[in-house]
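Student: Could we go through this structure together, with a reason for each label we use?
Tutor: Gladly, let us begin.

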Amino acid sequence: MSEKPKLMVVDDEPENLDLLYRTFRRQFQIFKADSPFGALEMLDREGEMAVIISDQLMPQMNGIDFLSSTIERFPDTIRILLSGLGEEMDGLADKKKKAKIFKLITKPCNIDELKAVVQEAAEIYQAAKLKNDMS
């Protein structure tokens, strides 16, 4: 059996990290970070993730800025943003595009919907890796 894909979850609220861990631990190798800076250090150690789920509102750096900072080093990683504000943020569509965010999930989110989005993201990542390996 092949190795589980890597999933990073980034949120400054421990209960959200625990929920995401419990939700995805069977399908993914989970990496939890309680801050964007901790997540960047973890990426330095662990390398590319298949999927990164990040909360938007965190101290020091928001989710869009964090996800944007991962693009150059990990272009194939699929990025998902969680936000309690939804699409109401100023200029969010442009920011999402620049950050290469696959989906914005509004909190509180439906766990089944989140699972489906993350599964789709993992499949897109694996297809991109397969295509890169064949070229």
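Student: How far apart are the mean positions of the positive and negative charges of the protein chain?
Tutor: They are 4 Å apart, taken over 19 positive and 24 negative charges. Lys and Arg count as positive and Asp and Glu as negative, while His and the chain ends are left out. Each charge is placed at NZ of Lys, CZ of Arg, CG of Asp or CD of Glu.

A word on the source: this is a predicted model, in which local features need pLDDT of at least 70 and side-chain atom pairs count only at pLDDT 80 or more, while totals for chains, interfaces and linings use all residues. Residues are numbered from 1 along each chain as its sequence is written, and side-chain values use heavy atoms, with hydrogens and water left out.

Student: What makes up the protein chain in terms of helices and strands?
Tutor: It has five helices and five strands, and from the N terminus on they run β-α-β-α-β-α-β-α-β-α. Both are DSSP runs numbered from the N terminus: helices are H or I with at least four residues, strands are E with at least two.

Student: Why is the protein chain called as compact as a globular protein of that length?
Tutor: Its radius of gyration, taken over C-alpha atoms, is 14 Å, and the globule rule (2.2 Å times the number of residues to the power 0.38) gives 14 Å for 135 residues, so the description fits.

Student: Why is Gln60 called exposed?
Tutor: Exposed means over 50% relative accessible area, buried under 20%, and partly exposed in between, with a 1.4 Å probe and protein chains only. Gln60 has 69%, so it is exposed. Gln60 is found in the loop between strand S3 (51-55) and helix H3 (63-68), and its phi is near 75°, a positive value in a residue other than glycine.

Student: What is the peptide bond from Lys107 to Pro108 called, cis or trans?
Tutor: That bond is cis, with omega near -5°. Pro108 sits in the loop between strand S5 (101-106) and helix H5 (111-134).

Student: Which residues touch the most other members of the largest nonpolar core?
Tutor: Among its 20 residues they are Leu7, Phe24, Val51, Ile53, Ile80 and Val118. H5 gives the largest share, six residues. A nonpolar core is a set of buried Ala, Val, Leu, Ile, Met, Phe, Trp, Tyr and Cys residues joined through side-chain atoms within 4.5 Å.
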